[in-house]
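Work through the exercises below with the sequence and the model open. Try each task before reading its solution.

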Amino acid sequence: MTKSGHRTLRVALVPRDQEQVRLHELLHGKAVESGLAHEWLHGTYLAVDLPPGTDPTPLIKILETPAEAGALRWEIDS
């Protein structure tokens, strides 16, 4: 069995009332804009499919500042 080469960007929002709502809206918009397959769980967990050759940098740049502020956590797996 061989791997497909897809990776998954996972984001977990830390509940913070209005901040969580704002981040959800921002991330949802960027995920839709990217055209990549994605799904939400309970409005706080986002998974984005990264097919082979996909550059996740634009999405990662959006995550960096909220992650540093402790508003979310993210990872990319293979």
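The structure is a predicted model, and the exercises deal with one helix and one cavity.

**Exercise 1.** Compare the span of helix H2 with the span expected at 1.5 Å a residue.

Solution. Helix H2 covers residues 57–68, and its count is 12 residues. From the first C-alpha to the last, H2 reaches 16 Å, close to the expected 16 Å.

**Exercise 2.** Determine which residues of H2 are buried and which are exposed, and where each set lies.

Solution. Step one: take buried as under 20% relative accessible area and exposed as over 50%. Step two: Leu59, Ile60, Leu63 and Pro66 are buried in H2. These residues lie on the same side of H2, because the arc they cover around the axis is only 130°. An α-helix has 3.6 residues a turn, so residues three or four places apart point the same way. Step three: Pro58, Lys61, Thr65 and Glu68 are exposed on the other side of H2. Step four: the buried residues of H2 pack against E1, H1, E3 and strand E4 (72–77).

**Exercise 3.** Describe the largest cavity by its volume and its lining.

Solution. Step one: the count is 1 cavity of 30 Å³ or more, and the volume of the largest is about 50 Å³. Step two: the lining consists of Leu9, Val11, Leu27, Lys30, Ala31, Leu46, Val48, Leu59, Ile62 and Leu63. Strand E1 (7–13), helix H1 (18–34), strand E3 (45–50) and helix H2 each give two or more residues to this lining. Step three: sorted by class, the lining has 9 nonpolar residues, no polar residues and 1 charged residue.

Key: Residues are numbered from 1 along each chain as its sequence is written. This is a predicted model: local features need pLDDT of at least 70, side-chain atom pairs count only at pLDDT 80 or more; totals for chains, interfaces and linings use all residues. Side-chain values use heavy atoms; hydrogens and water are left out. On a 1 Å grid over the protein atoms alone, a cavity is a set of points where a 1.4 Å probe fits but cannot get out, and a pocket is an open set with protein on both sides within 12 Å along at least five of seven lines; lining residues have an atom within 4 Å of a point. Grid points are joined across faces, edges and corners, and a volume is the space filled by probe spheres set on the points. Helices (H or I, at least four residues) and strands (E, at least two) are DSSP runs, numbered from the N terminus. Ala, Val, Leu, Ile, Met, Phe, Trp, Tyr, Cys and Pro count as nonpolar, Asp, Glu, Lys and Arg as charged, and the others, Gly among them, as polar. The expected span of a helix is 1.5 Å times one less than its number of residues. Buried means under 20% relative accessible area, exposed over 50%, partly exposed in between (1.4 Å probe, protein chains only). The arc is that of the directions from the helix axis to the C-beta atoms. Contact means heavy atoms within 4.5 Å.
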